[in-house]
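Please open the structure in a viewer and keep the selection tool at hand. The tour below proceeds stop by stop, saying at each one what to select and what is to be found there.

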Amino acid sequence: SQFPSETAFLEEFGDLKTEEQVKKLQQVKKLQSILKPMMLRRLKDDVEKNLAPKQETIIEVELTNIQKKYYRAILEKNFSFLTKGANQHNMPNLINTMMELRKCCNHPYLINGAEEKILEDFRKTHSPDAPDFQLQAMIQAAGKLVLIDKLLPKLIAGGHKVLIFSQMV
């Protein structure tokens, strides 16, 4: 009922994302005043009064042996090592070496073809029939996940809330 015509709305407010937005500050304020009664905007502090202040702890974690092998192979452009377990479709791309090193540090599964080789090596020392075989292989491949695997049960038992954020897949 507030905006009966799309064309009239676009005519009045449609170009607010351009550089002329500074000039049209009055229009922005007008639109905000129209929309304010219809919008619900809350902050965490308004809703949850018992939130403790965010506490950030940075823990440096060493790379696992698997990660070190891949890291060295990427740095040295050791294609014979990197192509084990890879096929034509999932060959590692070493055009951007820094990105490949970053992937390796996050988790070696991010490197094309690495997951199959790591699982093959993990089968030699662990039972592939175990129900959590895939999970344990993934955890043991990256230092960060080894730490998280040890730390999370203790944090949960202590009643802590945990937010895990990753910039990678």
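**First stop: helices H7 and H8**

Begin by selecting helix H7, residues 114–125, together with H8; the two pack at an angle of about 110 degrees, and their axes lie 10 Å apart. H7 and H8 are therefore roughly perpendicular to each other, since angles of 65 to 115 degrees are placed in that class. To display the contact, show the side chains of Leu119, Phe122 and Arg123 on H7. On the H8 side, add Phe133, Gln134, Gln136, Ala137 and Gln140. Colouring the contact of H7 with H8 by residue class gives 4 nonpolar, 3 polar and 1 charged. Please bear in mind throughout that this is a predicted model.

**Second stop: from H8 to H9**

Keep H8, residues 133–140, on screen and add helix H9, residues 143–157. The axes of H8 and H9 come within 6 Å and cross at roughly 115 degrees. Which residues make this contact? H8 contributes Met138, Ile139 and Gln140, while H9 contributes Leu145, Val146 and Asp149. Sorted by class, the contact of H8 with H9 holds 4 nonpolar, 1 polar and 1 charged residues. Gln140 of H8 thus deserves a second look, for it belongs to the contact with H7 and also to the contact with H9.

**Third stop: Leu152**

Remain on helix H9 and select Leu152, which is found there. Is Leu152 buried, exposed or partly exposed? Its relative accessibility is 25%, and Leu152 therefore counts as partly exposed. Now show Val162 and Ile164, with which Leu152 is in contact once neighbours within four places in sequence are left aside. A distance line drawn between the C-alpha atoms of Leu152 and Val162 should read 8.2 Å, for a pair 10 residues apart in sequence.

**Fourth stop: helices H1 and H2**

Move next to helix H1, residues 6–13, and helix H2, residues 25–35. These helices pack at an angle of about 135 degrees, with 10 Å between their axes. H1 and H2 are therefore oblique to each other. On H1, select Phe9, Glu12 and Phe13; these meet Gln27, Lys30, Leu31 and Ile34 on H2. By class, the residues of the contact of H1 with H2 are 4 nonpolar, 1 polar and 2 charged.

Stay with Phe9 of helix H1 for a moment. Phe9 counts as partly exposed, at 26% relative accessibility. Setting aside residues up to four places away in sequence, Phe9 touches Phe3, Gly14 and Leu31.

**Fifth stop: the two neighbouring cysteines**

How many disulfides does the model contain? The count is 0. Cys104 is in no disulfide, and the nearest cysteine sulfur, that of Cys105, is 5.5 Å away. That separation is too far for a bond, because a disulfide requires cysteine sulfur atoms within 2.5 Å. Switch on a surface display to see how this pair is covered: Cys104 is buried, with a relative accessible area of 0%, whereas Cys105 is partly exposed, at 29%.

**Last stop: the whole chain**

Finally, clear the selection and view the chain as a cartoon. The secondary structure comprises 9 helices and 0 strands, so that the elements read α-α-α-α-α-α-α-α-α from the N terminus on. Of the 169 residues in the chain, 23% are buried. With the surface shown again, the chain exposes about 13,600 Å², of which carbon and sulfur atoms supply 55%. If contacts with a separation of 6 or more are drawn, 50% of them are between residues 24 or more positions apart.

Conventions. Residues are numbered from 1 along each chain as its sequence is written. This is a predicted model: local features need pLDDT of at least 70, side-chain atom pairs count only at pLDDT 80 or more; totals for chains, interfaces and linings use all residues. Side-chain values use heavy atoms; hydrogens and water are left out. Buried means under 20% relative accessible area, exposed over 50%, partly exposed in between (1.4 Å probe, protein chains only). Axes are lines fitted to C-alpha atoms, for helices over the stretch in contact, and angles run from 0 to 180 degrees between N-to-C directions. Helices (H or I, at least four residues) and strands (E, at least two) are DSSP runs, numbered from the N terminus. Angles under 35 degrees count as roughly parallel, over 145 as roughly antiparallel, 65 to 115 as roughly perpendicular and the rest as oblique. Contact means heavy atoms within 4.5 Å. Ala, Val, Leu, Ile, Met, Phe, Trp, Tyr, Cys and Pro count as nonpolar, Asp, Glu, Lys and Arg as charged, and the others, Gly among them, as polar. Accessible areas come from the Shrake-Rupley method with a 1.4 Å probe; for residues, only the protein chains shown count as cover.
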